[in-house]
Amino acid sequence: MSSTSSNQMGQLVADKHVRYILMAEKKKESFESVVMDHLRMNGAYWGLTTLDLLDKLGTVSEDEVVSWIMTCQHESGGFAGNVGHDPHILYTLSAVQILALFDKINILDVGKVSSYVAGLQNKDGSFSGDMWGEIDTRFSYIAICCLSILKTLDKINVEKAVDYIVSCKNLDGGFGCTPGAESHAGQIFCCVGALALTGSLHRVDKDLLGWWLCERQGKSGGLNGRPEKLPDVCYSWWVLSSLIMIDRVHWIDKEKLVKFILDCQDLDNGGISDRPDDAVDIFHTYFGVAGLSLLEYPGVKAIDPAYALPVDVVNRIIFTK
């Protein structure tokens with residue numbers, strides 16, 4: 001990219017995003033913080049992964065983060081979104097991913113955590129999120145991703161898990177949260193990611209799904225989650241990662257998408273919003289930076305589209321005994 005075109009494109013204000021994330025963690029009394037209290041584990045994963053992608057993970061206290069994570073673990077092996085909340089598969093994956101970022105998986109009782117996750121698989125191969133039993137293909141992905149990081153996929157019936165995901169495939173090539181539910185980019189990521197991690201991508205109609213996904217790009221360059229919806233920065237991750245996993249990412253206009261993400265930055269205070277001129281939050285900051293990583297934006301580390309972790313972290317997991 002020549003310097004003139006990159007000037008027109010705008011720049012990633014990485015240092016401001018780093019400052020925004022570090023400040024967000026300190027503002028525990030703010031409205032957002034109170035509302036997000038039960039989700040703090042997810043927020044920590046979004047913030048810390050963003051810092052790592054910007055090569056700034058060293059700006060946080062590893063010991064503080066790791067000891068807080070371990071206080072969120074329950075007797076069952078599962079993790080809660082924060083101290084004093086109930087365990088859920090969602091927060092369990094975020095906890096494992098954060099420990100992976102810091103190369104601290106070894107402090108876990110892997111047998112206990114993986115037994116908690118495996119125990120949430122149902123007879124039909126689907127997964128519940130927690131003891132209350134809500135079923136969703138998101139939980140299938142989360143279980144498979146979590147057990148894959150812990151190298152304990154053999155604790156579940158992988159074949160049944162894959163068959164259940166495939167049963168959620170629709171005529172448009174996409175996937176829903178349960179069989180017959182409408183296709184949605186977030187669920188497609190979960191299903192394609194789970195199939196990628198289990199070596200089952202041959203079960204996807206790549207051209208049909210690729211077409212549905214590239215149709216998500218609007219005039220602004222941004223991507224939406226399903227037809228007739230507004231573009232949103234978070235779909236830069238859900239749609240792009242899916243396109244990469246099925247080798248169809250060249251079907252969208254990458255430059256326009258980069259511009260859309262950069263236009264959603266708060267250039268003064270840092271952070272990225274869902275669309276230009278909206279309020280920023282940690283969720284969209286992560287998905288914006290992760291999207292730029294998938295687009296090979298300079299200065300952002302590479303992220304693995306299936307594990308949603310930096311590639312160097314994934315390599316460390318895979319190549320460690």
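These legends go with a few close-up views of a predicted model.

**View 1. The ring pair of W46 and F283.** This is one of eight aromatic pairs in the structure. The ring centres of W46 and F283 are 5.0 Å apart and the planes stand at 85°, which makes the pair edge-to-face because an angle over 60 degrees counts that way. W46 belongs to helix α4 (residues 40-53) and F283 to helix α14 (residues 282-294), so the pair ties together parts that are 237 residues apart in sequence. Are the two residues buried or exposed? W46 has 11% relative accessibility and counts as buried, while F283, at 23%, is partly exposed.

**View 2. A cluster of rings.** Zoom out a bit from the pair, and W46 and F283 turn up in a cluster linked by ring pairs. Its other members are Y45, Y141, F189, W237, W238, Y286 and F287.

**View 3. The second largest pocket.** Here's a pocket with a volume of about 510 Å³. Its lining takes in 24 residues, and W46, L90, R138, W238 and F287 lie nearest the centre. Which helices each supply at least two residues of that lining? They are α4, α6 (89-101), α8 (137-149), α10 (185-197), α12 (234-245) and α14. Sorted by class, the lining has 17 nonpolar residues, six polar ones and one charged.

**View 4. Charges over rings.** Two arginines are worth a look in this view. R40 has its charged end over the ring of W68, 4.6 Å from the ring centre. The charged end of R216 sits over the ring of W212, with 4.4 Å to the centre.

Terms used: Residues numbered from 1 in each chain as written. Predicted model: local features only at pLDDT ≥ 70, side-chain atom pairs only at ≥ 80, totals over all residues. Heavy atoms only, no water. Phe/Tyr/Trp six-rings, centres within 6.5 Å; stacked < 30°, edge-to-face > 60°. Helix = DSSP H or I, 4+ residues; strand = E, 2+ residues; numbered from the N terminus. Buried < 20%, exposed > 50% of the residue type's maximum accessible area, 1.4 Å probe, protein only. Lys NZ or Arg CZ within 6 Å of the ring centre and 35° of its normal. 1 Å grid on protein atoms, 1.4 Å probe; cavity = no way out; pocket = protein on both sides within 12 Å on 5 of 7 lines; lining within 4 Å. Points joined across faces, edges and corners; volume = space filled by probe spheres on them. Nonpolar A, V, L, I, M, F, W, Y, C, P; charged D, E, K, R; others polar.
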